[in-house]
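Subject: Handover of a structure, with notes on its contents

Dear colleague,

Please find below the structure that I am passing on to you. I would be grateful if you kept it open while reading the notes that accompany it.

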Amino acid sequence: MGPDKKIRSSNILRPRKPIAGKMRHGITAVEREEEKDEHRPSSSISFIVSWQLQLVLFASGSSPSLEGSFFYFFVFLSFFSFSSLIYYLFFFVFAIFLSVLCFAIVCKKLRKKMHQQRLKQQQQQQALMQQSLYHPGLLAPQIEPILSGNLPPGFDSSTCRSVYVGNIHPQVTEPLLQEIFSSTGPLEGCKLLRKDKSSYGFVDYFDRQSAALAIVTLNGRHLFGQPIKVNWAYASAQREDTTNHFNVFVGDLSPEVTDATLYACFSVYPSVSDARVMWDQKTGRSRGFGFVSFRNQQDAQSAINDLNGKWLGSRQIRCNWATKGAGLGDEQQASDSKNVVELTNGTSGLLLLVFLLFLSSSSESASATDVSHDGRAIKINGERRILLSGSIHYPRSTSEMWPDLIKKAKAGGLDAIETYVFWNAHEPQRRRYNFDGNLDLVRFIKTVADEGLYAVLRIGPYVCAEWNYGGFPVWLHNLRGIQLRTQNDVYKNEMKNFTMLIVDMMKKEKLFASQGGPIILAQIENEYGNVMSAYGDAGKEYVKWCANLAESLHIGVPWIMCQQDDAPQPIINTCNGFYCDQFTPNNRNSPKMWTENWTGWFKNWGGKDPLRTAEDVAYAVARFYQLGGTFQNYYMYHGGTNFGRTSGGPYITTSYDYDAPLNEYGGFNQPKYGHLKQLHDVLHSLEKALTYGNVSHTDLGNNSSRTIYAYNGTETCFFGNANPKNDTTFTYKGINLKVPAWSVSILPDCKNEAYNTAKVNTQTSVMVKASNEAENEPDDLKWSWRPENVDRYVKQGKGQVSANKLLDQKSINDLSDYLWYMTSVKLDKDDPVLCPKMSLRVNETGHVIHAFVNGEHIGSEWASYGVFHYNFERPVKLNPGKNKITLLSATVGLQNYGPKFDIIKSGLPGPVSIVGKRGDETIIKDLSAHKWSYHVGMKGLNEFAVDDKAFAHDWRSDDLPVNKMLTWYKTTFKAPLEEDPVVVDLEGLGKGMAWVNGNSLGRYWPRYLADGNCSGSPCDYRGTYDPDKCASNCGEATQRWYHVPRTFMDRDVNELVVFEEFGGNPSLVNFRTIRPGTVCGSAYENKDLELTCHGRPISAIKFASFGDPQGRCGSFNVGRCEAVRSVVMDAVVRECVGKDRCVVSASEKVLGSTGCSHGVSKRLLVEAAC
């Protein structure tokens, strides 16, 4: 997150020091003079203002004494006479009102400060515990619990191996207690002793260090909403019997005072026998008072005389005799409370304080949103809701794009924005976090709230999402003893640490709905049910652990698990897929929820452009709500861009457009955006009927069904036709309605059709890439270049580290796509492998390899999406003596999905062999166990990322090389005019990475052509969708255009830098803008046709026909019947040409009679140029 802005206080609000003799109990000498005339209004007003100023100063951290202010206030009130009571009533009420506000501020500041202290302590403890994963035994000399709590005086813990666990919630079981405490070390035993309200137990460890770690890290941990107390266990004989001792009450204890510090304070008296602070069993916090026992009555009296009013910690304590029966042995809460009241300076002040604290907490809860659920729907403040959500991943756009994206999502009819939390982006190195720029999660959630939308936070922290390594930081893979996504303590500790980090961050900013924020749902884990069988019983236990972890965080909103049929209660299990209408939750009290409605599909290098039609997406949504669904999320609503090295797969493209309603650049993907918006409007209008109405569902046969929601005397009908080929006519209560194949019709009154998923009444926008009008490209782009210096690796074989084995590329913690493998092979002239025919054979993992032998490049190879290994083999000539073999491995995103995907090899796992053939004989020399040297990355990449000045040298402008591998190119360009989205055309280049003004655009690979067969025929929306259906772009560059966000560019001159890995020609590179070129409108009879060129005027009408026109945008044809064409054309031209936006009514009254026969669905089709 960005740094918080703080306002410097003026001198007036700086803390003031008390002046001896001039200030007492917060009352200045001037104020005492004003008190003398209690009937002067000005004096009273001055007093009130002064007293309120004291409160305000204290709330801002500037007042020395709030207690004195209250003392003065109540003393002043005692001077009021009955006759003046009415006169001062207004001022009194005003004072109380301000005091409530001030106390709310005070309490909020105190709670925030205490939360920060606890969070800091937890982080320090976690850091020490996590370091032990790398350095066993580190904790032993560094962690030692401070003796506190209910321990005997002089207690010696040096030989202890057992801990006491108190304040345990009744729902905690002994196995759960054992699991929690085994996280700090192996257990010798565990015993839980049950009580009605609060149980306790004992845990025995094999070693003292584990017990000490448990006290430090688990004390105060919430289990089922109740903080446990963990301390050293001791035998009852170790505490002296104080039944007949003399007990002293000690009040006004500050929160940090413990038994040990209280005992130490009174230990100057030789007969002190015990000291205890009273603790609140519900909150686990000090109740602010305690008792001290003395064997000698005289010592007790001396302690009262000497220590009353003395400072202990941050407060002045009060000492007095404890009432009879309030000794240390029984700790009766009723007696304790009585002593507090009796020894307070006036019960009225105490009651008012309690009242103000109550009002403070009430005002905070008033702003909270109650989120719950039943078997029908998610409930917001007790009301069932129809919720439509959309995924927007904050790292896949820039922070400057967020407001516009979210605003468009709201305009599109969404209620909520969903996002994953990307662990490896936020914690690229262990315990080093990044929440800046487009990783500012808090800012993103607040931007959602600014638009009045809810948020769904999918913490995971595994995300899949076609994101590098599924969102896991690669250093996680390299922790000793770790197994990911299973019942493994090392992994669970890391997952817990990051999950708690995110939850605490959201809590601190009050972003959960329970705190008044926008987050109404949170997710733990992700799609684990799809792969759980590979983990056996450990996987089932891991799911339970995830659920317990989630519930222990007390976020105040429901948790969900997607694709997890056995999600433990109260976790809600949800569905992901292209269609979820047949999904049933695993519990009758869980609503039917769809967390991922795949609006399209991702694209991989070598893959085609996916297309999922607007009709099919709308059909899936309407079908889901027809059959009882009440929450649905589009994955994706805006896909965005995989900037940098964030794309996963491997082989996922830089573009993550996903054919979403908002395209990669943030523009409208029409007709999908508009068609779904109209559906959302209808669904929202039926919210009460869909969530409270009585439901009757009838299967009519032939894949058709009717669902009726009866509510408040009105029936709402859904007519569903799941037949992929044939239309169906529905008859109900005197109406006959023809419903197209593979569609759903919605009739709010069961009479008039408000929406049909197959009837698109919105425009289609055909986007074009316009030339950069700021300059003449590509001719104006002047290139310079520099080679990547690889002699150190290719010829000399010098690396940073070495090993007598081949390393998995993940061992470098994913610091770069590139890892050099280098070795030397010494061959005697009579070595059997020296043959006339020799080759180098390398078992690869499916990424890219470039091979060099004795300084010469002998070949390169790569695979395709879904291929996890192949054999690279090239002819080679080796010489007797020493030979240098250098292999450059280049990853293209790490695996992000599948059972145990994290252990799939990357880089060159081997074997690496020299193969010699002599006649029918084959000789293989395995080099895998040779000494290999390794170097991470490229020299130029390291300089570019770390030292711009070093990178600025050695650029050449003459003899520009083309098709030369491992070469850098650089040019300057002018930013395209206006504000349309910008792309750079990298046609002519091979593979590599690109930056604009130092901002990474991601990997590029225009040379990789899309394979497969594209039919070229119009896409038929009917029938089940799969990613190959309706795909396009076969035989063309998988991705030729790369998004350049406007915020990456300056208004004038900008710099483009590319690192070319394969070799290419930069002379064709140019910048373009994305804008609508052609827009086509469609409106069925009695609907309005709307057209817009999004800020540009409509320049011409190319086609207009009302009747039965056919075809798709760009190739419309006149149908079997139509209205007079010239009349239709004149009407459309008159309404639209020269305007940015126009509306034409598709009716015979406006456009004339069509002459179409009964049963023909009449519509107006228009094609316009922008």
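The notes below cover helix packing, backbone details and cavities, in that order. Please bear in mind throughout that this is a predicted model.

Helix packing

Two packed helices are described by the angle between their axes and the distance between the axes. Three such pairs are set out here in those terms.

What is the angle between α18 and α19 where they pack? Helix α18, residues 614-626, packs on helix α19, residues 672-685, at an angle of about 20 degrees, and the two axes are 9 Å apart. Angles under 35 degrees count as roughly parallel, and α18 is therefore roughly parallel to α19. The crossing of this pair is right-handed. On the α18 side, the contact is made by Ala614, Glu615, Val617, Ala618, Val621, Ala622 and Tyr625. They meet Lys672, His675, Leu676, Leu679 and Leu683 of α19. By character, the residues of this contact divide into 9 nonpolar, 1 polar and 2 charged.

The second pair consists of helix α14 (residues 441-450) and helix α16 (residues 489-508), which pack with their axes 11 Å apart and at an angle of about 50 degrees. Because of that angle, α14 is oblique to α16. Here, too, the handedness can be stated: α14 passes α16 in a right-handed crossing. From α14, the residues Leu441, Val442 and Ile445 meet Ile502, Met505 and Met506 from α16. The contact of α14 with α16 comprises 6 nonpolar residues, with no polar and no charged ones.

Helix α14 also takes part in the third pair, with helix α12 (residues 402-411). The axes of α12 and α14 come within 9 Å and cross at roughly 35 degrees. This crossing is right-handed. Which residues make the contact between α12 and α14? Trp402, Pro403 and Ile406 belong to α12, and they meet Arg443, Phe444, Thr447 and Val448 in α14. The residues of this contact divide into 5 nonpolar, 1 polar and 1 charged.

Backbone details

Where are the cis peptide bonds described here? One joins Tyr635 and Met636, with omega about 5 degrees. Met636 is part of strand β25, which spans residues 631-638. Another cis peptide bond joins Glu777 and Pro778, and its omega is about 10 degrees. Pro778 is found in the loop between β33 (764-771) and β34 (784-787).

Tyr651 also deserves a look while you follow the backbone. Its phi is near 80 degrees, a positive value in a residue other than glycine. Tyr651 lies in the loop between β25 and α19, and α19 is the helix that packs with α18.

Cavities

How many cavities of 30 Å³ or more does the structure hold? There are 6 of them. The second largest cavity contains about 80 Å³ of space. Its lining is made up of Tyr469, Pro650, Lys810, Thr845, His847, Phe868, Leu894, Gln895, Phe901, Ile904, Lys905 and Ser906. These lining residues divide into 6 nonpolar, 4 polar and 2 charged.

When you open the model, you may wish to start with α14, which packs with α16 and also crosses α12.

Yours sincerely,
A colleague

Terms used. Residues numbered from 1 in each chain as written. Predicted model: local features only at pLDDT ≥ 70, side-chain atom pairs only at ≥ 80, totals over all residues. Heavy atoms only, no water. 1 Å grid on protein atoms, 1.4 Å probe; cavity = no way out; pocket = protein on both sides within 12 Å on 5 of 7 lines; lining within 4 Å. Points joined across faces, edges and corners; volume = space filled by probe spheres on them. Nonpolar A, V, L, I, M, F, W, Y, C, P; charged D, E, K, R; others polar. Axes fitted to C-alpha atoms, helices over the stretch in contact; angles between N-to-C directions. Helix = DSSP H or I, 4+ residues; strand = E, 2+ residues; numbered from the N terminus. Parallel < 35°, antiparallel > 145°, perpendicular 65-115°, else oblique. Left-handed = near helix turned anticlockwise from the far one by under 90°. Contact = heavy atoms within 4.5 Å.
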